[in-house]
Amino acid sequence: MLVLGIESSCDETGIALYDSEKGLLAHALYSQIELHAEYGGVVPELASRDHIRKTLPLIDEVLNKAKLRRTDIDAVAYTAGPGLVGALLVGCAIGRSFAWALDIPALAINHMEGHLLSPLLEENPPSFPFVSLLVSGGHTLLVDVQGVGEYTLLGESIDDAVGEAFDKTAKMLGLDYPGGPILAALAEKGIPDKYLFPRPMTNRPGLDFSFSGLKTFAMNTWKASDQTEQDKADICLAFQTAAVETLAIKCKRALKETGHKTLVVAGGVSANKALRTRLDSISQLNTYYPRPEFCSDNGAMIAFAGAMRQAAMVKQDTSTFSARPRWPLDELSVP
Ligand code: KG4
Ligand code: ZN
């Protein structure tokens, strides 16, 4: 089965063709980073307009790359939420119209399920069950994954997502947009243990997170410092170390509680090298990640999630045409 994937939930237009037998055939990504950079964050209306401009040309581009025609497509998978409503509606409208015109199924995919399944696109994929740590700009989730569509939420952030905390801290320190990877790069120049940041919510039971306090701690530390470039790098490192350590503590706890031996990490922040090094150091544990280019938003994970859901025969509601700006993972239907 050949699935066309369309991702347009935020500031990236991602298109891909995934074949359930041959694997990923082609993918293309257009990032709107330059468009939003001057505003220091994503401007929703500009994002929607750009998705309108880019989606159809990128669909043609992936079809050309794979030397296929529109009529070869067997199903269209599009991100229906969570995300920016206007941006989502572009992918929904184009995906649904495409499927209607070709008389093939249209699959409404949850963006976080796309991230969750993305490490399974790699060679030697993890097998179920596993604990999934999803770390993106909008979410920090720990999920018990029994199979495709079988997700139990173990914990989540009660305030800022970890990627959001990276971005806000970076902005406060005067770093460019998007802040997360820039803060991580600057942290490499930091002196270890110059500052010690708290590990929020680790000294009480449970698997929820809170990252907004770390951002405030970084701001207060910056204000009290001499504000040199070295201070900035030291604060970046202390912030990153605290965020990574907090995630690692909760991952260990989730693995202990579930009894699973496999950890699967995905979402934009899973590209963070310090996080990977720390999680890899948890002994007797198999840890899986997506390849770096599929950590952040992309069409491949949506096409793949569509193929997995079709294969698992997960029922799709074909009558609705809606985008869901909020769509919790545990509200997905089970096969
Ligand atoms: O998954 P994603 O591309 O979009 C959402 O679904 O939100 O995640 C984007 C987030 C941003 O907050 C970005 O700053 C963060 O991932 N990010 C990083 C790194 N690369 C991307 N955060 C820390 N270190 C990185 N290397
Ligand atoms: Zn994402």
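Helices and strands are here runs assigned by DSSP, a helix having at least four residues and a strand at least two, and they are numbered from the N terminus. In this predicted model, the protein contains ten helices and ten strands.

The overall form of the protein may be considered next. Its radius of gyration is 20 Å, close to the 20 Å that the globule rule gives for 335 residues, so the protein is as compact as a globular protein of that length. The C-alpha trace spans about 65 × 45 × 30 Å along its principal axes. Among contacts in the protein with a separation of 6 or more, 72% join residues that lie 24 or more positions apart. Of the 335 residues, 53% count as buried. The accessible surface comes to about 14,700 Å², and carbon and sulfur atoms account for 53% of that surface.

One pair of helices deserves a detailed examination. Two packed helices are described by the angle between their axes and the distance between the axes. Helix α6 comprises residues 179-187 and helix α8 residues 229-258; their axes come within 8 Å and cross at roughly 110 degrees. Angles of 65 to 115 degrees count as roughly perpendicular, and α6 and α8 are therefore roughly perpendicular to each other. On the side of α6, the contact is made by Leu183, Ala184, Leu186 and Ala187, while α8 contributes Lys232, Ala233, Cys236, Leu237, Phe239 and Gln240. By character, the residues of this contact of α6 with α8 divide into eight nonpolar, one polar and one charged.

Two individual residues illustrate how surroundings may be described. Ala99 is located in helix α3, which covers residues 85-102. Is Ala99 buried or exposed? Buried means under 20% relative accessible area; Ala99 has a relative accessible area of 2%, and it is therefore buried. Not counting residues up to four places away in sequence, Ala99 touches Val76, Ile104, Pro105 and Ala106. Ala99 and Ala77 are 22 residues apart along the chain, and their C-alpha atoms are separated by 9.2 Å.

The second residue, Glu331, lies in the segment after α10 (299-311). A residue between the limits of 20% and 50% counts as partly exposed; because its relative accessibility is 48%, Glu331 falls into this class. In sequence, Glu331 and Glu150 are 181 residues apart, yet in space they are 9.9 Å apart, C-alpha to C-alpha.

How values were computed: Residues are numbered from 1 along each chain as its sequence is written. Chains are lettered from A and ligands numbered from 1 in the order in which they are written. This is a predicted model: local features need pLDDT of at least 70, side-chain atom pairs count only at pLDDT 80 or more; totals for chains, interfaces and linings use all residues. Side-chain values use heavy atoms; hydrogens and water are left out. Axes are lines fitted to C-alpha atoms, for helices over the stretch in contact, and angles run from 0 to 180 degrees between N-to-C directions. Angles under 35 degrees count as roughly parallel, over 145 as roughly antiparallel, 65 to 115 as roughly perpendicular and the rest as oblique. Contact means heavy atoms within 4.5 Å. Ala, Val, Leu, Ile, Met, Phe, Trp, Tyr, Cys and Pro count as nonpolar, Asp, Glu, Lys and Arg as charged, and the others, Gly among them, as polar. The radius of gyration is taken over C-alpha atoms; the globule rule is 2.2 Å times the number of residues to the power 0.38. Buried means under 20% relative accessible area, exposed over 50%, partly exposed in between (1.4 Å probe, protein chains only). Accessible areas come from the Shrake-Rupley method with a 1.4 Å probe; for residues, only the protein chains shown count as cover.
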